[in-house]
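Subject: Structure handover

Hi,

Here is the structure I promised to pass on. Have a look at it first, and then read my notes underneath.

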Amino acid sequence: MRIELKKRDGISTLFAILSPFVALGLTLIAGVILFIALGKDPVAALYSFFIEPLTEIWSLHELAIKAAPLILIAVGLSVCYRSNNWNIGAEGQFIIGAMAGSILPVVFHGWQSPLVLPLMIVFAMIGGAAYAAIPAFLKARLNTNEILTSLMLVYVAQLFLDWTVRGPWRNPEGFNFPETRNFHDYAVLPRIIETGKTHWGFGFALIAALVLWFIMRRTLKGFEITVLGQSARAGRFAGFSDKKMVYFAFLVSGALAGLAGLSEVSGSIGQLRPVISPGYGFTAIIVAFLGRLNPLGIVAAGLVLALTYLGGEAAQISIGITDKVTRLFQGLLLFFVLGCDTLIHYRIRLVFGAAQKGSAA
Amino acid sequence: MKKTLLLLAAATALAGIAAPANAEAMDKVKACFIYVGPVGDFGWSYQHDQGRLYAEEKLGDKLETAYLESVPEGADSERALERFARSGCNIIFTTSFGYMDPTNKVAKDFPDIKFEHATGYKREHPNVATYDSKFFQGRYVIGQIAAKMSKTGSAGYIASFPIPEVVQGINSFMLGAQSINPDFKLKVVWVNTWFDPGKEADAAKVLLDGGADILTQHTDSTAPMQVAAERGAFAFGQASDMIAFGPNTQLTSIIDDWGPYYLERISAVLEGTWEQQATWAGMAEGHVVMAPYTNMPDDVKAMAEETEAKITSGEFHPFTGPIMKQDGSEWLADGVVADDGVLAGLNFYVKGIDDQLPQ
């Protein structure tokens, strides 16, 4: 006996809309069972996971800050994935972007002017895009597998940052600890509103999502992305160049990942450290798919994922569950969302005996 | 936002105050801890959590605690600290170097809450204190044991990051070993992580293959101990007593005992006597404790106990001249003791260490 996934002929619109809610419902049920098994009050646990972080203004700001890099990176990745370019290296582009953007406040810290921040943003986007151009070039020219090259470059970027922060960029007044000097005031990304902590990184994320949504939906470029993604050959007949698309997709996603990196170091951390990302570049891949590669869907998905991080902390403090349970719970949520999506597009068929092609289903 | 904060502060204050005259003292305190690793690492974070449990046991009903584990350094830790500050914590312990700036940032917004940062040096606000332990005192003792016990006359050192605390440890170990065997050899492998059992085990194998027959580590997992046990070498535990992972392997372990410090500082909050300070305590205060000396002859054990007693009483300081730097130039003249300021920023090796300090 074996199990087959068979594509459904028609996709139910009703269920396509309901799918995320069904997934959420299933997650809640699984959560209740999980928390009861752990001897915790399930209502309190779920409250602290999903509701508590939304009840206070400071926490909403934190939600936006946490979601910003995820959304920025993920909308860039959606261009890649829609055009069939598998950029797994956003984490590295994030890091190199952050480093390129930090050149001014770290190396030329004496130059303090309102021009610094705009230049940092430009440097960061160029840095991220340039780093993404490496796997793009290798793919377009030598036909290498971009999944491998972009992923390997993540480790290169991580070690390069580590070396730089311990070596040439180390804060001379920092007792030898591995970190750069703190950014001066002109190099810090300002808050969107004075009363809350949300910085412009979140603004960039929303703008990027809107712009890319417009490009994908309303422009020829968007059509080109989709066509080349579904069939490079068909795209060539339409006069589109799949090589150019490789560069376009990688440069866009690299620039956005670089911008995300700069927003994080300039808006949240305030300096470079040996580690500046808890894996945003990888989590963003999940966010991109959770948002179904639609930039607006990605905004929602980024907020939901950020909520589970905040909720996880709230649950650790208020009901004393461990970090492991919160990660398990995040996993459950993703499992059900992706599971529901799959079952809407495919149905499960049990096949008994040896496979017999052409037999009546 | 300000309002919620004030209400929160008022609520905690009301809950705690018995007599308004003694506005500072409280009869119940909430202490919160943030850890960089999992509490089950059997190393650094585990020991901090043991300290938390110790304080809880001693103070009973007067103390409520909460903790967050595996909190990444950087923006996440700032959010975690803010959440703690808003959830009624009176004192917050931040137990990793990378929490230094977030601790000071959040402390600025919550002047009524006490913050205690481990292993850092920034105290930018009156409600921030720092604390650390003189682990290098224990390193000197194990250096002496290593020199006595090693047949090949060489030991392997698995080091995390080239920050002063780790450099102090390597130097102190070497000085201890040289006091027994002036030709002792020490090889260092930098793994650039605090906790990665796989990398630590690989480093352990490399060092043993390179001729070392004793391992010591400044990383948090039990992997090097287990590798040493498989190979029949000796090893020293780190942060906690790791004897269970190498019953015939562990010679001793340098245990971080944070319990007394946590009890003292939380009690100070209860009594209203908490003040900013920079604590750097060691064996004398009971913050650095040696695990039982095992798997060694009695004379080695006696020597170790004697050195430990001398360091504890203050009679001896591991960094006492004459000490040469690695390049052969003089660091400390005969009889001169290194001052804490220099040690806190230590960035060079003493003579005889077979490694280039990453700069």
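A word on terms before the strands: two strands count as paired if DSSP finds at least two bridges between them. Also keep in mind that this is a predicted model.

With that in hand, start at strand β9 of chain B, residues 234-239. On one side, β9(B) is joined by two bridges to strand β8 (residues 214-217) of chain B, and the two run parallel. There, B:Ile214 stands opposite B:Phe234. On to strand β10 (residues 250-256) of chain B: four bridges link β10(B) with β9(B), again in parallel. In that pairing you will find B:Ala239 opposite B:Ile255.

Is β9(B) mostly covered or mostly open? Mostly covered: six of its six residues are buried. The connection from β8(B) to β9(B) is worth a look too, as β8(B), helix α8 (residues 223-231) of chain B and β9(B) form a right-handed β-α-β unit.

Next, helix α10 of chain B, residues 298-313. What end-to-end span should its 16 residues give? At 1.5 Å a residue they should span 22 Å, and the end C-alpha atoms are 22 Å apart, so the expected value and the model agree. The buried residues in α10(B) are B:Ala304, B:Thr307, B:Glu308 and B:Ile311. Looking down the helix axis, those buried residues fall within an arc of 100°, so they line one face of α10(B). They pack against α5 (135-149) and β12 (288-290) of chain B. Turned away from that buried side is the face with the exposed residues B:Asp298, B:Asp299, B:Ala302, B:Ala309 and B:Ser313.

There are a couple of backbone details to check after this helix. Just past the end of α10(B), B:Gly314 takes a positive phi of about 90°. Further along, B:Gly321 and B:Pro322 are joined by a cis peptide bond, with omega about 5°. B:Pro322 sits in the loop between α10 and β13 (323-324) of chain B.

Chain A has its own backbone points. Which residues there have a positive phi although they are not glycines? A:Asn84 is one of them, at about 65°, and A:Arg292 is another, at about 55°. A:Asn84 lies in the loop between α3 (57-82) and α4 (90-107) of chain A, while A:Arg292 is found in the loop between α11 (280-290) and α12 (295-319) of chain A. A residue is partly exposed when its count of C-beta neighbours within 10 Å falls between the limits of 12 or fewer for exposed and 20 or more for buried. A:Asn84 has 18 such neighbours and therefore counts as partly exposed. A:Arg292 has 16, so it counts as partly exposed as well.

Last, the contact between the chains. How many residues does each chain put in? Chain B gives 32 residues and chain A gives 27 residues. On the side of chain B that touches chain A, β2 (63-68) and α3 (75-86) of chain B each supply at least two residues. The largest share of that side, seven residues, comes from α3(B). Sorted by class, the side of chain B that touches chain A has 15 nonpolar, nine polar and eight charged residues.

That's what I have for now.

Cheers

Terms used
Residues numbered from 1 in each chain as written. Chains lettered and ligands numbered in written order. Predicted model: local features only at pLDDT ≥ 70, side-chain atom pairs only at ≥ 80, totals over all residues. Expected span 1.5 Å × (residues − 1). Arc of directions from axis to C-beta. Contact = placed C-beta atoms within 7 Å. Right-handed = clockwise from strand over helix to strand, strands pointing away. Nonpolar A, V, L, I, M, F, W, Y, C, P; charged D, E, K, R; others polar.
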